[in-house]
Amino acid sequence: MTAIATRPDTGQRGTTTPPARRRDSERLFNRVALGTLIALALLWLVPLAWALATSVRPAQEVVTNPTGWFTAHPTLDAYGEIFDAGKLPYWYANSFITSILTTVLTVIMASLAAFALSQTRFRLRRAAFVMLLAGIMIPGQVLMIPQFLALQSAGLLNTYWGVVLPQVPNVVAVFVFKQFFDGIPRELIDAARADGAGWLRTYWQIVMPISRPAVSAVTIFVFVGVWNNFLWPLLVVTDPEMMTLPVGLTSVQDVFGVPYAQLMASAVLGAIPLLAVFALFQRRIVEGIAGTGLK
Amino acid sequence: MATTTAPSSTSSRRDRWAGPGMLLPFALFYLVFLVGPLIYTVVAGFFETSLLKSGLGDFAGLSNYSAVLGDAEFWRTLRNTLWFTVLTTVPLVLLSLVLALFADRFVRGRWFIRFAFFAPFVLPSAVVSLLFMFIYADQLGLAQEVVKWFGVDTPPSWLGDPDWAMISIAAATVWWTIGFNFVLYLAGLQDVPREVHEAAAIDGAGPWQRIRHVVVPMLGRTTTLVTVLQVIASLKVFDQIYMMTSGGPDGSTRPSLQLIYDTGFVEGRVGYASTVSLLLFLVILFVSLVWFALVRRAEKEN
């Protein structure tokens, strides 16, 4: 969908020469709009910029002048101290492992289920679909106690599986896939079936390769969601070497007390991976949200 | 799976099980981690279940319900949650609408606008909380400094004053999540046909009138979607409050989800916490159902 980038400027739409007064009001409006947008966009970047600026200031300077922006002696000391004191490499690795595991499992299972609901015919298919639909209204956080008890009795606390498994049944992912599969021409499936391909083969060799937009949308959302999840890993992980990045970062506070350069350095380090993902896939992420409205 | 042409009887039998078979892995996870826990929550609410003892514990009848409903702290956390929902939903809907309406007029530089508003949305809540604890810090935070520029001599303690704490957290939340609604509105604006704009312009409508009388009414469905998703998300608030104030000062920001967390995991009163969970679930369910009803009606009207 390139519409966002190629859409013509609405301010210049009047191709028939408009009356002068209207052109003026058009121009005034554009000026107000642009001014507001730029002012707010800059305001929105202040916290990020300030964190970055503070993280490279020497510790004494932050103490004497906490709200200063610039330093004559930029230093990466705060970053070094974070790496030495915390378990940052572990947290990065744990976040990557749990996010990737969850994403792969979710994409496979949700797409399989969506394919069954969209393309195959069986009794109770509609009932299964309605039951899934109801699942969208169950707020996962409300179920944390029984989920925790189940994992505890299965001996999965402080393990990757403990973080991963409860996040796999992502109903929204099924809906994104189903919506996409519903749009695939029936003839394509029928042709594959007529050639003797089984359902599983039709799914894997015909449908999945042409469903890249849905796969990438779900991949990005599940990945970002799991990476940023705080409450669940907070519950199931107590071992510092098993913590994910968001949970680990909050323990930095306890380690350091108040040194703000370190706090901001850890905030920057926590922000970098996802900001990089976002910069790379900005279009996909934005379109994925727009297309599905998931949160 | 066999790819050679099988006799039709076995192939139709295989057909019949293909769908359920492919649904099964997801369905198992769904049952184990969503349906099962939901049933457990309903059941545990009727027992004196404790985290310290295995099993459901003694049957309690409706005593958990009467305890929760008679607990001033339950009502206070619910009030805090609703207050947070109001404080975030109003600006997150109105401001994102205005921003999207403005941004829709420009193509050049749009990536910058989108980046500025959307980048915070991908940050982990832990990072957002660290950032804003620094910004809101007493004496040395940016927020107090800025207010002093405007002539306020004694700025409030943003996170330490019970009157300000929730507002401060809500402001940070608006900063963090507005990009999502902004993008939804941008997408909604794509569906407003150019001809509508042009026709209104030819009729002599200025940009303000076109927005008020033509574009905003056409965004009705998007507004419903944005509002309800926002309300549901806000009712589940936990992370940033837990990290920035732990529910304080003096319980003034403690949300319902934290009451569940504290009574369930810290005090181990699972039965009580389950009852609170179920009541919060019912509130969210109610909002979701109202949303479905609204969407249904909007679809019929179209």
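Reader: Which residues are linked with Glu73(B) in a network of salt bridges?

Author: This is a predicted model. In it, Glu73(B) forms a salt bridge with Arg76(B), with the closest N and O atoms 3.1 Å apart. The network does not stop at that pair: Glu73(B) is linked in it with Arg76(B), Arg254(B) and Asp262(B).

Reader: Where do Glu73(B) and Arg76(B) lie, and how many residues apart are they?

Author: Both sit in helix 3 of chain B. Their spacing is about one turn of the helix. In sequence, they are three residues apart.

Reader: Is Glu73(B) buried or exposed?

Author: Buried means under 20% relative accessible area. Its partner Arg76(B) has 26%, so Arg76(B) is partly exposed. Glu73(B) has 19% relative accessibility, so Glu73(B) counts as buried.

Reader: How many salt bridges does a search of the whole structure find?

Author: Side chains of opposite charge can pair when their charged atoms come close. One case is Lys87(A) with Glu241(A), at 3.8 Å from N to O. Over all chains, the search finds seven.

Reader: How many residues apart in sequence are the parts that Lys87(A) and Glu241(A) tie together?

Author: The side chains of Lys87(A) and Glu241(A) meet in a salt bridge. Lys87(A) is in the loop between helix 4 (77-85) and helix 5 of chain A, and Glu241(A) is in the loop between helix 13 (231-236) and helix 14 (245-256) of chain A, so the pair ties together parts that are 154 residues apart.

Reader: Which helix holds both Asp190(A) and Arg186(A)?

Author: Asp190(A) and Arg186(A) form a salt bridge, their closest N and O atoms being 3.6 Å apart. Asp190(A) is partly exposed at 36% relative accessible area, and Arg186(A) is partly exposed at 34%. The two are four residues apart, about one turn, in helix 10 (residues 186-194) of chain A.

Reader: Which helix gives the most to the nonpolar patch?

Author: The patch lies on the surface and is formed by Trp83(B), Val86(B), Val90(B), Leu94(B), Trp164(B) and Ile167(B), with about 540 Å² of accessible area together. Trp164(B) is in the loop between helix 6 (142-149) and helix 7 (165-190) of chain B. The most, four residues, comes from helix 3 (residues 72-103) of chain B.

Reader: Which helix gives the largest share of the lining of the second largest pocket?

Author: The second largest pocket has a volume of about 590 Å³. Of its 21 lining residues, the closest to the centre are Leu43(A), Phe132(B), Ile135(B), Tyr136(B) and Ala143(B). Helix 2 (20-55) of chain A, with helix 5 (125-135), helix 6 and helix 7 of chain B, are the elements giving two or more residues. The largest share, six residues, is from helix 7 of chain B.

Reader: How many charged residues are in that lining of the second largest pocket?

Author: By class, 20 of the lining residues are nonpolar. One is polar. The number of charged residues is none.

Reader: What is phi of Leu124(A)?

Author: Most residues other than glycine have a negative phi. Leu124(A) has a positive one. Leu124(A) is in the loop between helix 5 (88-119) and helix 6 (125-135) of chain A. Its phi is near 70°.

Reader: What is phi of Ser246(B)?

Author: Ser246(B) lies in the loop between helix 11 (239-244) and helix 12 (256-266) of chain B. Ser246(B) is partly exposed, at 49% relative accessibility. Its phi is positive, in a residue other than glycine, and is near 50°.

How values were computed: Residues numbered from 1 in each chain as written. Chains lettered and ligands numbered in written order. Predicted model: local features only at pLDDT ≥ 70, side-chain atom pairs only at ≥ 80, totals over all residues. Heavy atoms only, no water. Patch = residues over 30% accessible without salt bridge, like charges linked within 9 Å, V, L, I, M, F, W, Y side chains within 5 Å. Areas by Shrake-Rupley, 256 points an atom, 1.4 Å probe, with all protein chains shown as cover. Salt bridge = Lys/Arg side-chain N within 4 Å of Asp/Glu carboxyl O. 1 Å grid on protein atoms, 1.4 Å probe; cavity = no way out; pocket = protein on both sides within 12 Å on 5 of 7 lines; lining within 4 Å. Points joined across faces, edges and corners; volume = space filled by probe spheres on them. Nonpolar A, V, L, I, M, F, W, Y, C, P; charged D, E, K, R; others polar. Buried < 20%, exposed > 50% of the residue type's maximum accessible area, 1.4 Å probe, protein only.
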